[in-house]
Structure formats: structure tokens, C-alpha cells
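Open the model in your viewer and keep the selection tool handy. We will go from stop to stop, picking residues and looking at what surrounds them.

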Amino acid sequence: MKPAVLVTTLTGILLVAVIISAGLGALSVSPLQSIAILLRQVGIHLDVPYSDQQEVVITAIRLPRVLFGIFIGATLAMCGTAIQGLFRNPLADPVLIGISSGAALFTVVMIVAGLQLFAGLFNMIGAYALSLAAFAGAFITAIIVYRISQAGGKTIVSTMLLAGIAISAMAAAGTGIMTLMANDAQLRTITFWNLGSLGGANWQSLGVLVPVCMICLVGLPTLSKPLNALVLGETNAAHIGINVESLKTKVIVLTALGVGVCVSVSGIIGFVGLVTPHIIRKLIGPEHKNVFIASGLLGAIILVIADLLCRTIIAPVEIPIGIVTALLGAPFFLYLLLKEKKTQIVF
Amino acid sequence: MLQAAHISFKNSHRYLLHNVSFEVKAGEVLSVLGANGAGKSTLLKNISGELQPHKGTLIFKNKPLHSWKNHELARQRGVLSQHYQVSLPFTSFQIAMMGRYPHFKNHPLPNDHDIVKQCLCFSGIEHLADRNYLTLSGGEQQRVQIARVLAQLWDDASTDKLLLLDEPVSALDIQYQHHIMQLIRKLAVRGFAIISVVHDLNLALQYSDRILLLKNGTQVAFGDTALLNKQHIKEVYGVESELIAHPVENRKYIIITE
């Protein structure tokens with residue numbers, strides 16, 4: 001498939017998903033009304049009648065949530081693409097190798113103990129404190145896992161995945177300790193973080209999420225060429241003029257930023273970063289520029305639709321979105337393992 | 001083009017290279033020969049910048065090698081390694097296009113496409129251009145990598161480039177061994193300087209201008225291919241040999257005797 005065709009198709013699907021998602025829920029809004037309300041926000045009037053209540057539900061509740069899905073989905077998918085490129089391995093994923101757990105642990109520590117430990121920090125940066133903690137956790141784990149899994153210029157896949165398990169276990173233990181110290185409200189927040197949810201969406205947190213995500217969404221595709229070259233291995237990439245150390249730093253910082261901010265507002269949402277680039281590569285090949293753009297779009301689609309399912313299937317109860325992505329993604333991961341075992345390309 | 005003087009390199013225990021000096025000029029093929037563990041690949045890594053010599057100097061185009069900027073060097077010097085661990089399903093064309101990366105910023109120009117096509121033809125794999133690299137045989141993959149390194153150095157304006165090859169033909173069948181060695185000679189005629197690690201003594205004798213013989217990291221001989229004689233073969237490889245006249249061509253041929 002031509003990359004341009006895929007990108008156009010995915011953009012179309014995303015638009016449809018956004019309109020449907022904005023319309024479905026306890027208060028039903030028809031697609032036409034959704035479009036009218038959304039366009040009204042940017043100053044375009046359509047001759048479609050809708051109630052004030054519908055407008056409030058869409059603008060105050062559903063639109064932020066849909067935007068959450070778009071930005072978090074796109075960021076996680078692009079970070080997954082970047083991490084797979086950095087590790088030169090299609091089984092790498094921010095959640096599987098523990099980056100998200102590291103971010104979650106730091107976030108939970110910040111929730112429970114942050115006010116006592118970093119009161120000054122909270123006063124200064126307010127809503128950004130959690131994101132900063134998540135970024136620090138993501139950054140540290142990314143560096144640790146990368147260091148551990150590299151030997152002689154190659155990624156040892158089993159070590160990478162096992163290091164991810166070890167770090168996730170440590171993070172779980174740390175989170176466990178925090179739950180002992182937490183009060184009821186904090187406990188609920190921690191549970192929410194561990195399962196992942198877009199339920200915390202509002203315009204204020206979008207103010208934190210969107211700028212940081214934009215850094216990733218714009219920054220990561222600029223690394224496409226060096227990431228392509230990296231498949232030849234670090235030394236061979238250096239031989240064609242790539243500054244490998246700078247590339248590694250950029251990928252780790254941008255990924256930690258992206259995963260960190262997503263975890264800090266929505267908890268751990270797994271498998272989007274793993275599955276999305278795979279589907280895209282199957283369709284248009286592994287060239288990173290194309291994969292970044294198309295993965296971003298598909299990641300957004302997946303999260304918007306997954307979140308729609310989460311909040312409508314057994315309404316009024318909401319399923320945490322991390323459960324849905326894990327239910328869909330984990331079997332896919334097993335399928336990948338089986339496939340790699342057969343082709344012997346990775347192991 | 002490249003002058004190496006008194007190169008020494010040691011790991012934590014011992015010297016892997018000791019006081020190696022040689023020179024390669026534009027238009028020359030220099031073959032590096034020696035038994036396993038003699039330091040051939042280590043020498044190549046010292047020249048490619050992957051390892052830093054502990055002593056000695058490397059001068060490339062009248063400038064110390066370490067003072068070259070990485071991306072400038074990439075337009076002047078190509079390196080073909082022994083092993084490539086490609087794990088994503090790039091096509092042969094996309095892999096070969098990576099050789100043009102030092103030449104364009106974000107998007108390849110039409111000129112880059114033309115060069116990659118020419119280089120794929122040169123290595124005899126134009127029919128594999130759209131194939132997934134991971135599904136190719138070892139020899140085919142090697143030829144894709146050769147095309148990539150060629151594309152990297154392909155430049156109509158200047159032809160005095162340095163090409164480092166670590167066992168370029170070991171994975172290939174006899175037809176392509178000679179095909180690639182002939183290609184290397186053609187590049188030398190264009191003005192390339194080529195340093196190549198070779199195992200096959202007769203390929204070295206047939207296609208190189210000069211040889212560098214290594215034993216345990218020290219230099220046994222450097223100079224004309226006539227240095228590849230009985231005494232040196234005995235010293236370096238520990239085997240007896242005879243040099244006989246080639247039955248068809250006007251050159252020597254090495255046979256190993258009991």
C-alpha cells in the first residue's frame with residue numbers, strides 16, 4: 001500500500017471515530033449534531049438543532065476525553081515505534097520493558113508522598129509535578145533497560161524483556177509500599193493509575209498533556225533517517241555519518257517525555273506502542289518516517305475506539321482502558337513471539 | 001591517501017596490534033592477510049574509527065583521521081563489515097539507499113535514486129531491489145551491503161574515496177567472489193583506495209596491488225604482492241606452499257603442499 005493512501009484513509013477513519021465517540025454515551029447526540037457542535041466551537045454555524053445540554057456534555061466532557069484518546073494514542077504509538085527502532089527489535093514496547101512502570105511508580109510516589117517531600121516543587125509547577133515525576137521515572141528506567149540489554153552493539157532480546165519484568169516487579173513492589181501509606185482517596189487514584197483510564201480527562205490536564213505530546217509528535221519523526229540507519233547496527237550507522245550517541249539520547253528523552261506525560265494523566269495503557277507499529281509496518285514497510293506518521297494516526301484511532309467501548313459496553317460502569325488494550329494486545333504479543341520463534345529472525 | 005605509522009592497539013591483557021605501518025594510495029588495492037586472530041579485523045576497526053589506536057598516527061587525506069567530522073568522513077570513506085544484524089523488514093533498495101544518507105538531508109533526490117539503482121546493478125542484484133532483505137540468502141545480503149557501501153561513495157565529481165572491506169567475499173560463491181573482486185579492481189581504476197581483509201591467498205594475489213601480512217598483531221611484511229612467497233606463507237600460516245605459473249594466465253598461483 002502507498003503510505004499516502006494509508007495516511008489519508010487513517011485520517012478519515014479517525015475523524016469518523018471522533019464524531020461517533022463524541023455522540024455515544026448516556027446522553028445521545030447524533031453524528032450531525034456532534035459535527036455542528038464541534039464546528040460551532042471554531043466559529044462555523046451549521047443549521048442543525050441541538051440542546052444546550054448536548055453542547056455542554058460534548059464540550060466539557062466528551063471532547064476533552066476524545067482529545068485525550070487522540071494525543072495519548074498517537075504519542076504511545078510513536079514512542080513504541082521509536083523504542084522498537086532504538087532497540088532494533090520489534091518486540092520492544094514502553095510497557096513491556098518497564099518504562100511505563102517506572103513512570104507509574106514515580107507518579108504514585110508523587111501522589112502519596114509528593115506534598116510532604118516536594119512541597120516547594122508543587123507550589124512552583126503545580127499540575128506539571130506529576131508529569132515531571134513520571135518523566136523522571138520513565139527516563140531512568142529507559143536508560144537502565146537499554147544499558148542492561150546491549151552487548152557488543154546488539155540488543156539481547158531475552159535480557160531486554162527480562163529486565164522489563166524485573167523493573168516492573170520492582171515498580172510494583174514500590175507501588176505496593178505506597179498503597180500501605182496511602183489514604184482512601186490516594187488508593188483510588190493509585191488503582192486508577194495501574195489500570196489506565198481516560199476518565200481523568202479535562203481541559204486543565206489537556207493543558208499539560210498536549211504541549212508535551214506535541215514535542216514528541218513533532219520531534220520523533222525528525223529522527224526517522226538515523227533510526228533507519230540504526231538497523232545496520234550502531235557502528236555501521238556511525239560509518240554512514242550518523243551520530244548514534246545523540247540519536248540514543250534524543251529517542252530516550254523524547255520517549256520518556258511522551259510516555260511519562262501519558263502515564264501521569266492516564267495511567268499505564270499497554271500494548272498500543274507494541275501493536276500499532278507492527279500493523280503499520282505490515283501495510284507500508286518499516287521506513288520510519290511513514291511508520292511514525294501512520295502509527296500516530298492508528299494509535300489515536302485505537303485509543304478513541306477502545307475508550308468508547310470502555311465507557312459504553314457495561315454503562316454506567318466504566319472499564320479501565322488498560323484492561324481493554326491488554327485484552328486485545330496480549331494475544332497479539334503471544335502471536336508475535338510464536339512468529340519470531342518460527343522465523344528465528346529475532347531470537 | 002591513508003598513511004598509518006606505528007599503530008599499536010591493546011586490550012586489557014595484551015597487544016592485539018603492535019607497531020604496524022603501511023600506506024595505501026589512490027587507485028590501489030591493499031589486501032590484509034594473516035591467520036585467524038592475527039589482528040586483521042582489529043586493524044580495520046582501528047582505521048574505521050570503531051577502535052582508537054593506543055599509539056601511532058593515522059593520516060587520511062593529509063589530516064589526522066580522528067580530527068575528521070563523522071558526517072564528512074562518511075562521504076569519503078565506506079566500511080563493509082562482516083556481519084549485519086538487520087531485524088526490520090527493509091527492502092534491498094531501502095538498505096542500499098542508506099548509503100546515500102550522508103548525501104541528503106531528509107528526502108533522497110532523483111540523483112540518489114539513480115545512484116542506488118546503478119550500485120544494485122553493479123553488485124548484480126537489481127532484480128532483488130524490492131525484495132525483503134531478511135528473506136535473502138547470506139550471499140545476496142552481502143551483495144546488498146556492498147551496493148550500499150558503493151552508493152555511499154558514489155560521486156561523479158571526485159573518485160578518491162577510501163573503502164574498507166572486512167572479508168567482502170567470504171560468504172559468496174566462486175562466481176560472485178570473482179565478480180566482487182573485479183568490481184573492487186574497477187573501483188581502484190576509478191581512483192578508490194581499497195583496504196580489504198582477505199582469506200584466499202590466490203584472490204589476494206590476483207586482485208591486489210600490495211599486501212600487508214600480519215602475525216599475532218605484528219607486521220610480517222608490507223609491500224608488493226611478490227612478498228606473498230613461500231617463506232612468508234610458512235611464517236604467517238605455518239603451512240608449506242609452492243608458487244607455480246598459472247596454466248592459462250601470465251601470473252603466479254599458490255598451492256598449499258603437504
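How many aromatic pairs does a search of the whole structure find over all chains? The search finds seven. Before we look at one of them, please keep in mind that this is a predicted model.

**Stop 1: an aromatic pair in chain A**

Select Phe87(A) and Tyr146(A) and show their side chains. The ring centres are 5.3 Å apart and the ring planes stand at 75°, so this pair is edge-to-face. Now colour the helices to see where the two partners come from. Phe87(A) belongs to the loop between α3 (52-86) and α4 (99-117) of chain A, while Tyr146(A) is in helix α6 (residues 128-149) of chain A, so the pair ties together parts that are 59 residues apart in sequence. Turn on a surface and look for both residues. Phe87(A) is buried, at 2% relative accessibility, and Tyr146(A) is buried too, at 6%.

**Stop 2: charges over rings**

Next, select Lys225(A) together with Phe104(B). Here the lysine of chain A lies over the face of the phenylalanine of chain B, 4.9 Å from the ring centre. Then move to Arg143(B) and Tyr176(B). The charged end of Arg143(B) sits 3.3 Å from the centre of the Tyr176(B) ring, over that ring.

**Stop 3: the cysteines**

How many disulfides does a search of the whole structure find over all chains? The count is zero. A disulfide is a covalent bond between the sulfur atoms of two cysteines. To see why Cys79(A) has no such bond, select it along with Cys216(A) and draw a distance between the sulfurs. Cys216(A) holds the closest cysteine sulfur, yet the gap is 4.6 Å, too far for a bond, because a disulfide needs the two sulfur atoms within 2.5 Å. Cys79(A) is buried, with a relative accessible area of 0%.

Now go to Cys310(A). The closest cysteine sulfur is in Cys262(A), 16 Å away, and that is again too far for a bond. Cys310(A) is buried as well, its relative accessible area being 0%.

**Stop 4: two helices that cross**

Select helix α2 (residues 31-41) of chain A and then α3(A). They pack with their axes 10 Å apart, at an angle of about 75°. The two helices are therefore roughly perpendicular to each other. Show side chains where they meet: α2(A) brings residues including Gln33(A), Ile37(A), Leu38(A) and Arg40(A), and α3(A) brings residues including Gln54(A), Glu55(A), Ile58(A) and Leu63(A).

**Stop 5: Ile35(A) and Leu46(A)**

Stay in helix α2 of chain A and pick Ile35(A). Is Ile35(A) buried or partly exposed? It is partly exposed, with a relative accessible area of 29%. Beyond its neighbours within four places in sequence, Ile35(A) is in contact with Ile19(A) and Leu46(A). For a sense of scale, add Arg147(A): it is 112 residues from Ile35(A) in sequence and 49 Å away in space, C-alpha to C-alpha.

Follow the contact to Leu46(A), which is in the loop between α2 and α3 of chain A. Leu46(A) is partly exposed, with a relative accessible area of 40%. Setting aside neighbours within four places in sequence, its contacts are Ile35(A), Ala36(A) and Leu39(A). Try a distance to Ala36(A): the C-alpha atoms of Leu46(A) and Ala36(A) are 5.5 Å apart, with their positions 10 residues apart along the chain.

**Stop 6: Leu297(A)**

Jump to helix α14 (residues 288-312) of chain A and select Leu297(A). What does Leu297(A) contact, leaving aside neighbours within four places in sequence? The partners are Val7(A), Leu10(A), Thr11(A) and Leu14(A). Leu297(A) is buried, at a relative accessible area of 17%.

**Stop 7: backbone turns in chain B**

Finish in chain B with the backbone shown. Most residues other than glycine have a negative phi. Asn19(B) is not a glycine, yet its phi is positive, about 55°. Asn19(B) lies in strand β2 (residues 15-24) of chain B and is partly exposed, with a relative accessible area of 41%.

Lys61(B) also has a positive phi, of about 50°, although it is not a glycine. Look for Lys61(B) in the loop between β4 (55-60) and β5 (63-64) of chain B. Lys61(B) counts as partly exposed, at 23% relative accessibility.

Note on methods. Residues numbered from 1 in each chain as written. Chains lettered and ligands numbered in written order. Predicted model: local features only at pLDDT ≥ 70, side-chain atom pairs only at ≥ 80, totals over all residues. Heavy atoms only, no water. Buried < 20%, exposed > 50% of the residue type's maximum accessible area, 1.4 Å probe, protein only. Phe/Tyr/Trp six-rings, centres within 6.5 Å; stacked < 30°, edge-to-face > 60°. Helix = DSSP H or I, 4+ residues; strand = E, 2+ residues; numbered from the N terminus. Lys NZ or Arg CZ within 6 Å of the ring centre and 35° of its normal. Axes fitted to C-alpha atoms, helices over the stretch in contact; angles between N-to-C directions. Parallel < 35°, antiparallel > 145°, perpendicular 65-115°, else oblique. Contact = heavy atoms within 4.5 Å.
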